[in-house]
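Here is a friendly tour of one protein model, written for someone who thinks at the bench. Please keep the sequence and the structure open beside the text as you read.

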Amino acid sequence: MNVVTAQSRKADYSESTRQALVDSAVSLFTEGGYAATSLDAVARRARVTKGALYHHFSGKQALFEAAFDAVEVAVMTRLGQVVAGGPEGVWDRAIRGVKAYVRVCLEPAYQRIVIHEGPVVMGWERWRAAEEHFSFGLVRAVLESLIAAGEIDELPIETTSRILFGALSMGAAIIADAHDPERAVSEVSTTVVRVLEGMRRTAS
C-alpha cells in the first residue's frame, strides 16, 4: 500500500512538473517568441531544474509542440462547449461557434504560438497535420450536425469541411497580420457566416 501511495505521489509530482513547464513555455513563447526564449528561462519560470525539463522534453522544439498542443486543447475545448449544446438551435450555435473562433484569433497565445510560430517551428506539414487534428474535426462535426438537422444542403462532407476549414485558417492568418485586428475580425466573421448562409436550405 505504501509503495503504491509513493508511486502515485511520484506520478502526481511528475505530472505537475510537466504542467508547470508547459505553462511556463506558453507564457514565454507568447511574450517573446520561440527564438528569443531559452530553456533556462522556461525552467526558471516553472521553478524546476533544467534537468527536470530534459526529463520531460527532449529539447526546445518538443517543448514548443507541447505548448502548441496545450493552447489548441484549451481553445478547442471552449469552442466545443459553444457548439455542443444550450437553448439555441443547431444553426445559431454553429454561427456563434464561427464568431467565437474568429475572436480567439485575437488572443495573444493562440495568435503567436498557433498562427505565427507554429508553421515556422514545426514545419508546414507537421503544423498542418496538427491543425487538422484539432480544428478540422470540430469543423466537420459542426457541418455534420447542420446537415443532420436539415439546416444546410447535403453537400459532400469531406470536401465541404475542408473548404470551410481552409476559409477559417486563412481568416486566422488575415487577423494575425492585420493592422486593424478588430476590423479584420468583423470582416472575416461576416464573410464566413455569409458562406454558411449560402449553404442553408430555404425554409418551405
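## The core around Leu196

Leaving aside neighbours within four places in sequence, Leu196 is in contact (heavy atoms within 4.5 Å) with Trp91, Ile95, Val98, Leu143, Leu146 and Leu164. Before going further, note that this is a predicted model, in which local features need pLDDT of at least 70 and side-chain atom pairs count only at pLDDT 80 or more, while totals for chains, interfaces and linings use all residues. Residues are numbered from 1 along each chain as its sequence is written, and side-chain values use heavy atoms, with hydrogens and water left out.

Leu196 also belongs to the largest nonpolar core, which has 63 residues; Phe68, Tyr110 and Leu196 are the members that touch the most others. A nonpolar core here is a set of buried Ala, Val, Leu, Ile, Met, Phe, Trp, Tyr and Cys residues joined through side-chain atoms within 4.5 Å. Buried means under 20% relative accessible area, exposed means over 50%, and partly exposed is in between, using a 1.4 Å probe and protein chains only. Helix α4 provides the largest share of this core, eleven residues. Helices are DSSP runs (H or I, at least four residues) and strands are runs of E (at least two), numbered from the N terminus.

## The annotated N-terminal part

The unreviewed UniProt entry carries the annotation "domain: HTH tetR-type" for residues 15-75. UniProt positions are given in the numbering used here, feature names are shortened, and annotations may be inferred rather than shown by experiment. In the model, this span is 80% helix and 0% strand, and its end C-alpha atoms lie 21 Å apart. The same unreviewed entry gives "DNA-binding region" for residues 38-57. That stretch is 75% helix and 0% strand, with 14 Å between its end C-alpha atoms.

Helix α2 (39-46) comes just before the loop that leads to α3, and Arg47 lies in that loop. Within α2, the buried residues include Leu39, Ala41, Val42, Ala43 and Ala46. Arg47 is exposed, with a relative accessible area of 78%. What is the phi of Arg47, just after α2? Arg47 takes a positive value near 65 degrees, although this residue is not a glycine. For background, most residues other than glycine have a negative phi.

Gly59 sits in the loop between α3 (50-56) and α4 (60-84). Is Gly59 buried or exposed? Gly59 counts as buried, at 13% relative accessibility. Not counting residues up to four places away in sequence, Gly59 touches Leu39 and Tyr54. The C-alpha atom of Gly59 is 15 Å from that of Val26, a residue 33 places away along the chain.

Val26 also appears in the surroundings of Thr30, whose side chain reaches the backbone oxygen of Val26 at 2.6 Å. Thr30 lies in helix α1 (residues 2-32) and is buried, with a relative accessible area of 17%. Beyond its neighbours within four places in sequence, Thr30 is in contact with residues including Pro108, Ala109, Arg112 and Ile113.

## Empty space in the model

Both kinds of space come from a 1 Å grid over the protein atoms alone: a cavity is a set of points where a 1.4 Å probe fits but cannot get out, and a pocket is an open set with protein on both sides within 12 Å along at least five of seven lines; lining residues have an atom within 4 Å of a point. Grid points are joined across faces, edges and corners, and a volume is the space filled by probe spheres set on the points. The structure holds one cavity of 30 Å³ or more.

| Space | Volume | Helix giving the most to the lining |
|---|---|---|
| Largest pocket | about 190 Å³ | α8, five residues |
| Largest cavity | about 230 Å³ | α7, six residues |

Of the 14 residues lining the largest pocket, Trp124, Trp127, Arg128, Ser169 and Ala173 are the closest to its centre. Helices α6 (108-122), α7 (124-148) and α8 (157-177) each supply at least two lining residues there.

Arg128 lies in α7 and is partly exposed, with a relative accessible area of 23%. Leaving aside neighbours within four places in sequence, Arg128 is in contact with Phe165 and Ser169.

The largest cavity is lined by 18 residues, and those nearest its centre are Gly97, Tyr101, Leu138, Val139 and Leu168. Its lining draws at least two residues from each of α4, α5 (90-104), α7 and α8.

Definitions and conventions
Polar contact = N/O pair within 3.5 Å; in protein donor to acceptor, adjacent residues only side chain to side chain.
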